[in-house]
Structure formats: structure tokens, C-alpha cells
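Please examine the structure shown below. The paragraphs that follow lead through several of its parts in turn.

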Amino acid sequence: MRSRTLCIIGLGYIGLPTAAMFATHGVRVIGIDSNERVVGVLNKGDIHIEEEGLRELVRKAMGSGNLVVRGKPEPADAFIIAVPTPFKQDKTADMQAVINATEFIVPHLRRGNLVILESTSPPRTTTGLVQPILERSGLTAGKDFQLAYSPERVLPGQIFLELVANARVIGGVDHASAVAGRDLYSAFVTGEILLTDATTAEMVKLMENATRDVNIALANEFALIAEKLEISVWEAIKLANYHPRVKILRPGPGVGGHCIAIDPWFLVEAAPDDAKLIRQARLVNDAMPMHTVSLIERAAAGTTGAVVACLGLTYKADVDDTRESPAMEIAELLAHKGYVVRVYDPHAPAPHVRGAHATSSVEEATRGADVVAVLVDHVEFRTLSPARLSGMRGRSVVDTRNFLDVDLLRRGGFSVTVLGSAR
Ligand code: SAJ
């Protein structure tokens, strides 16, 4: 694949790092995004998303001439589709972006090309949706061109490490397609490259994220039980995890992000009568924001017109992504209930939270507040001390992630509620 041309459609959290990696490993990459703003930002030498090391790598790639960014696809040897697959109101997959990207490729598809779908998709998308669209070109998958599914599996916040080192699964519509995919990714992947068929590869990705979702739901359910029993779930989890075959995850205010909060629904869609546990886990996790609101309301203890400072809005620590974020939902629910809500997030400076007032520092958000609810465990909040909260009117802190220095805050006269703990 070296010195040949690769067209990557979708320059988001996955497409852009992937484009930069290929481009800095000897592949000529045409990066495509249908969003003009994204194309404009990248062509000015800037980036539109936050990820450690991304800015430097994109600059290096563009500076070398190996990465160019455009609004429309061009002929290439290989195409990677890395567009979002959100879900609709009824929790079924919205495949429009995949359809558009695939249709974009059709006029450029040539004999000998390789097309890879990376977007997380319901089972059989590659063979049932992408293949028929590509075959409108008059060419046949597995004969005239190669087609494979290869899920991205990287963890936002450590994308570059994981892009390179994680094992990569490549499922072809035939074996030759999977092999062609391996040849492509071996430009930079040092992890094992495992070949299979396309539908199995789609299923692998959905199973991984459903497993994580179910395990987080279990931790959240333990937290609810522990609150009723008036013990600390955190202590119980720590002790249980001494067992050599037990690894309980962390409870929290809910599960967000573009992956785990969405992908399990694709399995429910594929097999509604069978995916019972998967559906239930989604419901448990989706109920956590409301549970967190009830903890905050208790901390406000009936103060009329209470002012609540919500610290953190992104879906997890130290990323800038607010998609499906439980913290956003909690702030909106509080505002809807009539609280005066102030929000602050160092990574998402101008989020639109319905009914809430955006602020630009911990001090501004907490000044005159009755309750401070820490919704995301950003590094910046780890050092939350009585001194930083001295402008508050009340003295209540809600820690939804069990990461604050509770003793320090209590010694400073604060009453601290920790999710999952009566202590
Ligand atoms: N969370 C908890 N408790 C935990 C772990 C996570 O409440 O113990 C919450 C987080 O706060 C967050 C959500 O779950 O709201 C998801 O965070 P995450 O760090 O578990 O996962 P993502 O969404 O950032 O990335 C996941 C990863 N999948 C797995 O770990 C199985 C990543 O490898 C995938 O590439 C990514 O989804 C994806 O794109 O599908």
C-alpha cells in the first residue's frame, strides 16, 4: 500500500487520527469531510477535536504533503468509511451517513480497489447495505473490488497508542478482501491483525461495547443497592476486586459517549427478543442521571431557588466530547426542575445546556452556589479544596465519581455526598 492513495471519508474522532497515521507512514491520503467547517479548519492548519498529540501529527502529515483535505472523494486505491452512526429517537441505527459516504464512492470505484467500513454498524451492514450500493457501479464485491469491515476499537484519550498497538479485526466479504485489509493497516498497526468474515467483525465490535455497558450497569446497580444498605459500594468493590477473577467497574452518573451508550441498541435492533440483558443494562445506565439528580436534590435539602454548580459536562474525564453525556442531561434535568444551574467544563468551554448558565471557571460557577455537583472526574477537579469553594453560599458537595478528597472537604466544613455511598 505504501506510496499508493487512500481516501478516508469522515474526519472525526476516528477518521482524522487514522488519516494522520497513514499519512505519516508513507501512504498518500485524501481526507474527506462533508462538513465545510471541518475542511476549512483543517486546511488552516488547525484541528476541530481534542486528542493528545493529534494537532502535531495532523500538522506533520499535512506539512509532508501526504495528507490533503477535501470536501468530496477522488479516485484512490483504497477507501475507508469512518462516519458516525448515531441512533434515532426509537433507538434504531441512523445509517444515513454511511449510505451517503458509500454513494460518494460509487462514481470513483475502480477494478482492484479496496473499500473498508470502520463505522460501528448493525450486523450485516457491510454485506446488506454497503455492498449493494457499491455494486451499483457495475462491479462485483469479492471479484472486481475488495470489501471489508474493520471496527475501530480505540479509547478516546489514548487513541494514538491504541490505534497502533491494539489488535485489529478485519472481516472481509471474502478472504482476499480481509487479506487486502491487513496489507493496508499493517502500514502502522503493530498489534495482531486478525482476519474473519464481515458480519463476525461487525458483531465483535458490538459485543465488546455491550460487554462494557452490561458491566457498568452491574456496577451502577451495586451502587443503588449499597445506598439502600447504607454502606459504601466503593469499599465493597475494592474488596471484591481482590478476587482473582472479579473485576467490577466503576459506578457513575450514567454512561455516555458516542459508543457504549449507542452500540448495544444495534444488537437489540438485530435481535429484540434475545437481547434482553443488553436492553436492561441500557435502561439501568440510562436511569443513572435521574438518580444523580435525586442525590443533588437531597443535598440541596429543599433550599428554594437553590443554585447548583455542575462541574464537568463531557461524557468522561479529560476529553472534549459531550455526545450522549449524562452530565449534560443532569444539568438540563436540574434546570427543568427549577434550580438555578451553572455549568463549567474546562474541556467543553461553550456547551449549550438548556436552561443553564455557562461559566468559565470553578470559582465563577460555585460563587453563591448552594450545592456543587462534580459530574466528571477531570484532572482539574481533583484538587477541589475548601479554599476553591469558599465563594459558595451553601456547603454541600456531591461527588458522582468518588474521586474528590472527601476528608479534606469535610474538615473544611463541607457536607459531601458520594454516589453509591451512604458515608
Ligand atoms: N464509565 C463508567 N464506569 C466505568 C467505565 C466507564 O461509568 O467503569 C462510563 C464513562 O464515564 C463514560 C462511558 O462509560 O460515560 C464510556 O466510557 P469508556 O471509557 O468506557 O468508553 P468510550 O466510550 O470512551 O470508548 C469505548 C471503548 N470500548 C471498550 O472499552 C469496550 C473503546 O475501546 C471503543 O473503541 C469505543 O468505545 C468505541 O468507539 O466504540
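The loop between β5 and α5 contains R124. In this predicted model, R124 has a positive phi of about 75°, although it is not a glycine. Most residues other than glycine have a negative phi. R124 also counts as exposed, because its relative accessibility is 59% and the cut-off for that class is over 50%.

Helix α5 itself covers residues 125-134. Its buried residues are T125, T126, V130, Q131, I133 and L134. Viewed down the axis of α5, these buried residues fall within an arc of 160°, so they line one face of the helix. A general property of helices is relevant here: an α-helix has 3.6 residues a turn, so residues three or four places apart point the same way. What do the buried residues of α5 pack against? Their partners are two helices, α4 (96-105) and α8 (198-229), and two strands, β5 (114-117) and β6 (146-149).

Helix α8 leads to the next residue, since N220 lies within this helix. Is N220 buried or exposed? Its relative accessibility is 0%, and N220 therefore counts as buried, the limit for this class being under 20%. Not counting residues up to four places away in sequence, N220 touches P251, G252, V284, N285 and M288.

Further along the chain is strand β13, which spans residues 396-399 and includes S396. S396 is buried, because its relative accessible area is 11%. Which residues is S396 in contact with, leaving aside its neighbours within four places in sequence? They are A299, D370, V371, V372, F414 and S415. For A299, the model also gives a distance: its backbone oxygen lies 3.2 Å from a polar atom of the side chain of S396. A separation of another kind is that between S396 and D174, which are 222 residues apart along the chain; their C-alpha atoms are separated by 60 Å.

The loop between β13 and α15 (406-411) holds N402. Like R124, N402 is not a glycine and has a positive phi; for N402 the value is about 55°. N402 is partly exposed, with a relative accessible area of 30%, whereas R124 counts as exposed.

How values were computed: Residues are numbered from 1 along each chain as its sequence is written. This is a predicted model: local features need pLDDT of at least 70, side-chain atom pairs count only at pLDDT 80 or more; totals for chains, interfaces and linings use all residues. Side-chain values use heavy atoms; hydrogens and water are left out. Helices (H or I, at least four residues) and strands (E, at least two) are DSSP runs, numbered from the N terminus. Buried means under 20% relative accessible area, exposed over 50%, partly exposed in between (1.4 Å probe, protein chains only). Contact means heavy atoms within 4.5 Å. A polar contact is a pair of N or O atoms within 3.5 Å; within protein, one must be able to donate a hydrogen and the other to accept it, and residues adjacent in sequence count only if both atoms are side-chain atoms. The arc is that of the directions from the helix axis to the C-beta atoms.
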